[in-house]
Amino acid sequence: METSDKTARQLYAEVKANPARKRFGFGKKAILVNIDPQKAYTRTDLYKTAYETDPRQLEYVNELAKTFRALGWPVVWTHVAYMESAEDAGIWGTRTDTPDSLQNIKFDSDRSQFDERVEIDTVKDVIYLKKMPSAFFETQLQSLCVWHQVDTVILTGGSTSGCIRATAVDSLSRGYRTVIPEECVADKHESYHFANLTDLSLKYADVMDVQEVFDWLAKQEKA
């Protein structure tokens, strides 16, 4: 195993700056999947479980969603919430049982609600309740991708080391080009965040500046 005294942020910067870094590239049509922008994970002023990396994250996410709708492309929002018994959290919910625990993001609780800053079109957008890290796991996301004939999945939300990573791996495994706009994902600590951006860049997805995603979208024609 190679060792290094460099921080996760420094290692990611090296990967990002490498001119020889290969990409999967964009395809012909994309779906936007916004993962768990709910208060438990976005309201740092209210909950210890929340996190913020780029303060403009939700602003960028909203603008991406508007652009997708204008193209007639699908926009998906996911969130997590569990029964009072937490049996639907499975083994994942058994590690802790505190007010901040995953299993205690209950239906209709404030923690389960989408952040007030996200702009969801309840007519055009798709909302999925998920139970596990990947947005593909036991949701209708795969069927939606097939219906819309997309070949590219663009991921936003959090956390980088958890649900973003799990969804990216599942996306690649299903044959989709997967794009992660760097400013649109967040995690609790920069070490987890940048270590996972590095690994995702090297193996599973294209991590790029959000402006590059906007530039590509600007060249697309309405469906």
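A pocket, as the word is used here, is an open set of points on a 1 Å grid over the protein atoms alone, where a 1.4 Å probe fits and protein lies on both sides within 12 Å along at least five of seven lines. With that in mind, start this tour of a predicted model at the second largest pocket, which has a volume of about 160 Å³. Select Met1, Glu2, Thr3, Ser4, Lys6 and Leu11 to display its lining, which divides into two nonpolar, two polar and two charged residues.

Go next to the largest pocket, where the space amounts to about 560 Å³. Its lining comprises 22 residues, and selecting Tyr41, Thr49, Trp92, Asp100 and Leu102 picks out those closest to the centre of the pocket. Coloured by class, the lining of this largest pocket separates into seven nonpolar, nine polar and six charged residues.

Now turn to the interior. The largest nonpolar core holds 26 residues, of which Ile31, Val33, Leu141, Leu155 and Ile180 touch the most other members. To see which elements build this core, highlight α1 (8-17), β1 (30-35), α4 (141-148), β4 (152-158), α5 (160-173) and α6 (190-203), each of which supplies at least two of its residues. Apart from this core lies another, made up of 23 residues, including Leu32, Tyr60, Leu71 and Trp216.

Finish by centring the view on Leu141, and ask which residues it contacts once its neighbours within four places in sequence are left aside. The selection to add is Ile31, Val33, Val76, Tyr128, Ala135 and Phe136, each in contact with Leu141.

Notes. Residues are numbered from 1 along each chain as its sequence is written. This is a predicted model: local features need pLDDT of at least 70, side-chain atom pairs count only at pLDDT 80 or more; totals for chains, interfaces and linings use all residues. Side-chain values use heavy atoms; hydrogens and water are left out. A nonpolar core is a set of buried Ala, Val, Leu, Ile, Met, Phe, Trp, Tyr and Cys residues joined through side-chain atoms within 4.5 Å. Buried means under 20% relative accessible area, exposed over 50%, partly exposed in between (1.4 Å probe, protein chains only). Helices (H or I, at least four residues) and strands (E, at least two) are DSSP runs, numbered from the N terminus. Contact means heavy atoms within 4.5 Å. On a 1 Å grid over the protein atoms alone, a cavity is a set of points where a 1.4 Å probe fits but cannot get out, and a pocket is an open set with protein on both sides within 12 Å along at least five of seven lines; lining residues have an atom within 4 Å of a point. Grid points are joined across faces, edges and corners, and a volume is the space filled by probe spheres set on the points. Ala, Val, Leu, Ile, Met, Phe, Trp, Tyr, Cys and Pro count as nonpolar, Asp, Glu, Lys and Arg as charged, and the others, Gly among them, as polar.
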